[in-house]
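Got the viewer open? Keep the selection box handy, and we'll go from stop to stop.

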Amino acid sequence: QLCPEEAEQYVAYLRSVGRLDEAAQVLARLVNDERFVSRQGKSNYQLWQELCELLSQHPDRVRSLDAGGIIRGGLTRFTDQRGRLWGALADCYVRCGHLEKARDVYEEAVQTVMTVRDFTQVFDSYARFEESVIAALLDTQAQLGRGQDEEVELELRLARFERLMARRPLLLNSVLLRQNPHNVHEWHKRTFTEAVRTVDPQRATGRPHELWVAFARFYEDNGQLDDARSILSRATRVRFRRVEDLAAVWCEFGELELRHQRHQEALRVLRKATALPAKRAEYFDSSEPVQNRLYKSLKVWSMLADLEESLGTFQVGTGTPGHTWGHLGTPGHTWGQLGTPGDIGAYERGIALFRWPHVGDLWLTYLSKFVARYGGRKLERARDLFEQALDGCPPQHAKTIYLLYARLEEQFGLARRAMAVYERGTRAVPPAQQSDMFHIYIRRAAELFGVTHTRPIYQRAIEVLGDDAARELCLRFADMECKLGEVDRARAIYTYCSQICDPRITGSFWQTWKEFEIRHGNEDTIREMLRIKRSVQATYNTQVNFMASQMLKVSGSATGT
């Protein structure tokens with residue numbers, strides 16, 4: 001009391017002279033004193049561990065403290081050391097000779113620990129405890145002889161130990177389920193009835209529908225088909241988190257009937273699954289239950305389509321496409337089911353069901369097959385189809401359709417209309433595809449009308465395209481004019497293009513212009529080219545200096561604040 005900071009030395013002295021009860025009282029006082037600071041650098045937990053070790057190893061000599069109560073208090077205080085504390089509590093009862101109480105402690109521990117590490121510590125201690133009890137019985141019987149009562153007790157101990165070892169996987173499974181009671185994978189190792197009652201599909205980890213499927217197959221394997229159907233019927237009403245889970249349950253329901261040669265019943269089940277709900281919802285609308293979104297599941301529709309086709313009842317699907325196949329997930333699947341590939345009407349029915357961009361593949365296939373079949377015999381109809389396809393077509397999908405349209409006009413229509421289609425295409429496609437579209441436009445115009453007809457196309461392309469693409473077209477334009485002998489036109493193009501060519505970056509352009517002037521110009525034209533080059537260089541230098549000063553100004557103001 002006079003020197004509380006030396007309490008640890010006092011505890012060591014008491015332990016050395018065998019006054020363990022008094023040492024335990026001092027340690028308990030230190031553990032409960034939040035203001036105590038160990039001079040040996042021990043934490044509160046280390047002092048607590050020292051106290052528990054003293055109580056568990058010398059329960060017969062520490063009488064003034066409730067060892068069981070203190071250690072149990074530590075279970076709630078030091079939750080990360082529960083495995084060790086449970087072992088200490090059981091060891092306390094073992095040393096006192098209360099073996100049944102020790103066994104009760106071990107049983108309570110393996111039923112309540114929350115981590116695999118704690119479970120491993122407790123279970124290993126439990127197993128060693130049972131082995132030591134069996135070994136002690138064998139030693140006693142070896143010394144005193146073996147009677148009938150001793151035989152029964154030994155058999156009981158051995159049976160307990162074997163049962164403990166057999167229970168280990170189930171006990172470990174219980175630990176994992178206490179951590180996450182919605183772990184589908186671990187519930188597969190337990191009873192299905194308890195699993196489907198406990199697991200919340202909205203919070204489950206894994207695929208919760210597998211529990212219901214495995215439950216139904218358990219009954220199926222035992223010949224109880226009515227019970228299996230009842231389980232799957234219940235599963236179809238479960239509020240799963242994902243449509244895929246409910247779709248898998250319905251498909252399993254259909255496969256159950258197919259495995260037992262009940263084809264019409266399987267067809268009825270799948271048609272019921274794909275029936276339109278009272279309230280329709282989008283496939284990915286998570287605010288609606290999965291039952292209202294199942295009718296858009298491609299998995300269920302695919303199985304129904306395969307089953308109807310194999311049973312020869314496929315006309316049911318093709319007869320009313322707006323009611324059935326229109327709810328499938330992909331247009332490619334739809335037109336594959338609506339009719340044979342040669343059936344033009346099938347494409348028209350499929351196109352009527354979808355919008356852009358999903359209908360893009362259908363339109364391309366339809367237009368290609370229509371032109372291949374009818375050629376120029378139904379030219380006006382083909383033009384009308386192309387115009388329908390382009391109506392509302394997103395820019396990123398327009399290029400291919402415009403090229404098909406233009407080729408139709410070239411082969412069966414008028415070249416003038418083909419040029420108009422190319423012109424529309426250059427305006428409709430996104431900027432990233434404009435350069436390719438202009439190149440095709442220029443090439444076709446040159447082949448159909450001659451190179452002179454490409455001049456307005458070049459001029460418009462240079463105005464519309466970005467600097468890099470415009471620079472490339474300027475060089476091609478100038479080269480074309482040079483080949484036609486129009487030197488002044490070529491020089492004017494070079495002069496125009498020079499305004500977007502920084503000499504520090506686009507040296508190839510200036511070298512090309514220089515070679516042109518050497519071949520076709522004179523001293524004055526070369527001098528003019530060099531003057532333009534210096535002027536452009538000065539312009540870019542001014543822009544760079546201005547941008548640098550602005551950046552310095554902004555960074556300086558930011559530093560100042």
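Which residues gather in a patch of positive charge on the surface? Select Lys 369, Arg 373, Arg 377 and Lys 378, and you have that patch in front of you. Bear in mind throughout that this is a predicted model. Zoom in on Lys 369, which sits in helix α19, residues 360-374. Lys 369 has a relative accessible area of 35%, so it goes down as partly exposed.

**Aromatic stops**

Next, the rings. The structure has 16 aromatic pairs. Start with Tyr 106 and Tyr 126: the ring centres are 5.0 Å apart and the planes are at 10°, so this pair is stacked. Colour helix α6 (residues 99-112) and helix α7 (residues 116-144) while you're here; Tyr 106 lies in α6 and Tyr 126 in α7, so the pair ties together parts that are 20 residues apart in sequence. Buried or exposed, what is Tyr 106? Tyr 106 counts as buried, because its relative accessibility is 5%. Tyr 126 is buried as well, with a relative accessible area of 3%.

Now jump to Tyr 422 and Tyr 441. Their ring centres are 5.9 Å apart with the planes at 20°, so this pair is stacked too. Show helix α22 (residues 415-428) for Tyr 422 and helix α23 (residues 431-449) for Tyr 441; the pair ties together parts that are 19 residues apart in sequence. Switch on a surface and you'll find both Tyr 422 and Tyr 441 buried.

While helix α23 is on screen, click Arg 443, which lies in that helix. At 45% relative accessibility, Arg 443 is partly exposed. Draw a distance from the C-alpha of Arg 443 to that of Thr 454: the two atoms are separated by 8.4 Å, with the residues eleven apart along the chain.

One more aromatic selection: take Tyr 494, Phe 509, Trp 510, Trp 513 and Phe 516 together, and you have one aromatic cluster.

**Salt bridges**

Time for charged partners. How many salt bridges does the structure hold? The count is 35, and we'll visit a few.

Go back to helix α6 and pick Glu 100, then add Arg 160: they form a salt bridge whose closest N and O atoms are 3.5 Å apart. This pair links distant parts of the chain, with Glu 100 in helix α6 and Arg 160 in helix α8 (residues 148-179), 60 residues apart. Glu 100 is partly exposed, at 40% relative accessibility. Arg 160 is also partly exposed, at 30%.

Next select Glu 257 and Arg 229. Here the salt bridge has its closest N and O atoms 2.8 Å apart. Glu 257 lies in helix α13 and Arg 229 in helix α12 (residues 225-235), so the pair ties together parts that are 28 residues apart in sequence. Buried or exposed, what are these two, Glu 257 and Arg 229? Both are buried.

For another bridge, select Arg 424 and Glu 387, whose side chains meet at 3.0 Å, N to O. Arg 424 lies in helix α22, which you coloured for Tyr 422, and Glu 387 in helix α20 (residues 379-390), so the pair ties together parts that are 37 residues apart in sequence. Arg 424 counts as partly exposed at 32% relative accessibility, and Glu 387 is partly exposed at 32%.

Now widen the selection around Glu 257 and Arg 229: Asp 226, Arg 229, Glu 257, Arg 262, Glu 265 and Arg 268 are joined into one network by salt bridges that share partners.

**Around helix α13**

Stay in this area and click Gln 261, in the loop between α13 (243-259) and α14 (263-273). Check its backbone: Gln 261 has a positive phi of about 60° although it is not a glycine. With a relative accessibility of 57%, Gln 261 counts as exposed.

For the last stop, move along to Glu 244, which is in helix α13. Glu 244 is partly exposed, at 34% relative accessibility. Draw one more distance, from the C-alpha of Glu 244 to that of Arg 207: they are separated by 9.5 Å, while the residues are 37 apart along the chain.

Methods:
Residues numbered from 1 in each chain as written. Predicted model: local features only at pLDDT ≥ 70, side-chain atom pairs only at ≥ 80, totals over all residues. Heavy atoms only, no water. Patch = residues over 30% accessible without salt bridge, like charges linked within 9 Å, V, L, I, M, F, W, Y side chains within 5 Å. Areas by Shrake-Rupley, 256 points an atom, 1.4 Å probe, with all protein chains shown as cover. Salt bridge = Lys/Arg side-chain N within 4 Å of Asp/Glu carboxyl O. Lys, Arg positive; Asp, Glu negative; His and termini not counted. Charge placed at Lys NZ, Arg CZ, Asp CG, Glu CD. Helix = DSSP H or I, 4+ residues; strand = E, 2+ residues; numbered from the N terminus. Buried < 20%, exposed > 50% of the residue type's maximum accessible area, 1.4 Å probe, protein only. Phe/Tyr/Trp six-rings, centres within 6.5 Å; stacked < 30°, edge-to-face > 60°.
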